[in-house]
Amino acid sequence: MQEPLELPGQQPPGCGKCIPVCSSSGNAAGCCGGSGSSIGSVGKGPVMCSAGCENPYAGLVALLRAAWLSGKTRPLEYRVAQLEALGRFLEEKKQEILEAVALDVGKPSFEAYLIEILLCKNELNNTLNNLCHWMKDEHVDKNLMTQLDSVFIRKDPYGVVLIIGPWNYPIHLILVPLIGAIAAGNCVVIKPSEKAKNTGRLLAESLGCYLDSDCFAVVTAGVQETSRLLENKFDYIFFTGSPSVGRVVMAAAAQHLTPVTLELGGKNPCYVSDTCDVRSVARRVAWGRFFNAGQTCVAPDYVLCTLEMQEKLMPALREAITEFYGSNPRESPDFGRIMGQKEFQRIRALLCSGRVAIGGQTDEEDLYIAPTVLADVLPSDPIMQEEIFGPILPIVVVASMDEAIDFINERPRPLAVYAFSSDCKVVAQVLERTSSGGFCGNDTLTHMTLTSLPFGGIGCSGLGKYHGKFTFDTFTHQRGCLHRNMGLEALNGLRYPPYSQQKLGFLTAAFEIKRKGTCTLL
């Protein structure tokens with residue numbers, strides 16, 4: 001969840017005459033931990049322009065663009081060095097990261113290490129293991145007229161990119177796209193969430209000790225400052241947050257025709273068939289729903305099942321919650337807290353939907369909402385009108401799998417669809433007849449831990465994809481290239497005027513692609 005941003009007005013890009021006004025500069029300053037300091041010279045302090053440029057961040061963007069145009073970020077050796085430095089940041093600042101995340105989100109250290117540290121390291125090592133191969137020119141098929149030419153796809157960086165992160169996974173959802181942006185050879189402006197203040201401060205004060213200050217900058221900005229930041233021309237914008245703010249980011253990007261990736265969210269349905277191992281389903285669904293106190297964009301948002309299955313699930317879910325968090329989850333070190341008072345009040349208001357079957361206890365001072373299951377929830381109830389983003393699991397009763405699929409398809413396409421059944425054909429039917437960013441059968445969340453799978457939404461749940469090579473591809477412009485020899489000019493005569501039917505016949509034979517036959521999916 002993000003605060004709404006104001007739609008930026010159209011402003012000219014940086015004039016190139018802007019100068020930083022912050023007192024800190026260079027890597028040494030970044031290590032000092034000064035107030036609002038960051039990589040290079042920009043933290044909370046903007047960059048002012050001696051030529052009368054109105055935008056306070058135009059100078060920063062201009063400085064990074066100059067570094068990118070110099071070609072500094074293009075060599076493999078440079079990219080590898082920056083990625084390895086990022087790995088040292090994760091290792092050397094591990095404890096500070098865990099402490100900052102705990103202060104910001106109240107996240108258990110086990111969950112924080114798993115997502116914020118381990119999965120980031122996996123992305124980093126996978127990228128380092130494959131970057132040499134990913135960067136190579138990709139030679140492609142040729143027709144008869146281009147047999148003597150060099151034809152290939154060059155993997156070009158976009159240029160200066162902006163990464164805007166959310167508060168719920170404040171390290172992971174910044175560093176994973178950052179890894180791909182560095183690997184692709186870009187310069188990057190990093191904008192952590194203003195809500196995750198401790199994590200944002202850590203990134204601003206520490207990354208400058210590891211990354212090149214000429215090419216990477218952290219901007220710790222609030223909502224209004226972020227709106228001004230978005231007025232600048234970036235070559236790519238990667239945003240993670242709510243659909244409402246995603247629309248603002250996309251509108252700002254449209255002012256400069258800047259491509260975007262939007263990692264959003266939505267209400268992820270979880271269908272449970274009558275033929276399944278109820279205990280296993282309950283444990284896997286409870287883990288996915290209550291991980292990080294439910295503040296996960298890809299968590300199962302609600303369960304669809306028959307009335308009979310609802311009655312079976314209730315005791316199994318109660319048993320799973322007790323197994324995970326004890327008889328009083330508030331005292332469990334493994335159960336997180338809600339991000340802030342505003343989020344707490346929003347989530348608590350949703351408890352009026354349906355019937356509280358499990359949990360329901362709240363403590364505003366402690367920002368605690370117990371792991372809660374709501375039974376007999378109606379599609380018209382408030383909790384079904386928005387993404388929950390909290391530790392509440394509503395159960396909506398349907399008569400059959402067909403009704404569940406219709407229910408899913410009548411709503412905006414989610415970030416994930418989950419299906420549980422001992423019958424593989426049922427899982428396959430849900431996969432075949434629904435549309436979503438991702439799909440997971442007989443489990444929750446685990447599909448997004450793999451660097452080999454693309455992660456992203458569709459429609460209202462997002463635009464674009466990343467993880468592993470998909471992140472590298474996201475921040476890479478695939479440049480189609482053909483290099484022809486200056487000799488053999490006589491071969492080109494067929495395409496030059498004056499035209500004739502004979503020339504057209506020769507060119508048709510040389511260029512035409514003929515259909516080979518039908519293709520059968522196995």
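**Exercise 1. Count the disulfides in this predicted model, then examine Cys440 and Cys352.**

Solution. The count of disulfides is zero, where a disulfide is a pair of cysteine sulfur atoms within 2.5 Å. Next, take Cys440: the closest cysteine sulfur, in Cys270, lies 9.4 Å from the sulfur of Cys440, so the two are too far apart for a bond. Then turn to accessibility. Buried means under 20% relative accessible area, exposed means over 50%, and partly exposed is in between (1.4 Å probe, protein chains only). Cys440 has a relative accessible area of 7% and is therefore buried. Cys352 has 57% and so counts as exposed.

The model is predicted: local features need pLDDT of at least 70, side-chain atom pairs count only at pLDDT 80 or more, and totals for chains, interfaces and linings use all residues. Residues are numbered from 1 along each chain as its sequence is written, and side-chain values use heavy atoms, with hydrogens and water left out.

**Exercise 2. Describe the peptide bond from Pro497 to Pro498 and place Pro498 in the chain.**

Solution. This peptide bond is cis, and its omega is near 0°. Pro498 sits in the loop between β20 (476-483) and α16 (501-511). Helices (H or I, at least four residues) and strands (E, at least two) are DSSP runs, numbered from the N terminus.

**Exercise 3. Find the phi of Asn292 and of Leu367, and locate each residue.**

Solution. Begin with Asn292: phi is near 55°, a positive value in a residue other than glycine. Asn292 belongs to the loop between α10 (278-290) and β11 (302-305). With 1% relative accessibility, Asn292 is buried. For Leu367, also not a glycine, phi is positive, near 55°. The loop between β13 (362-363) and β14 (368-369) holds Leu367.
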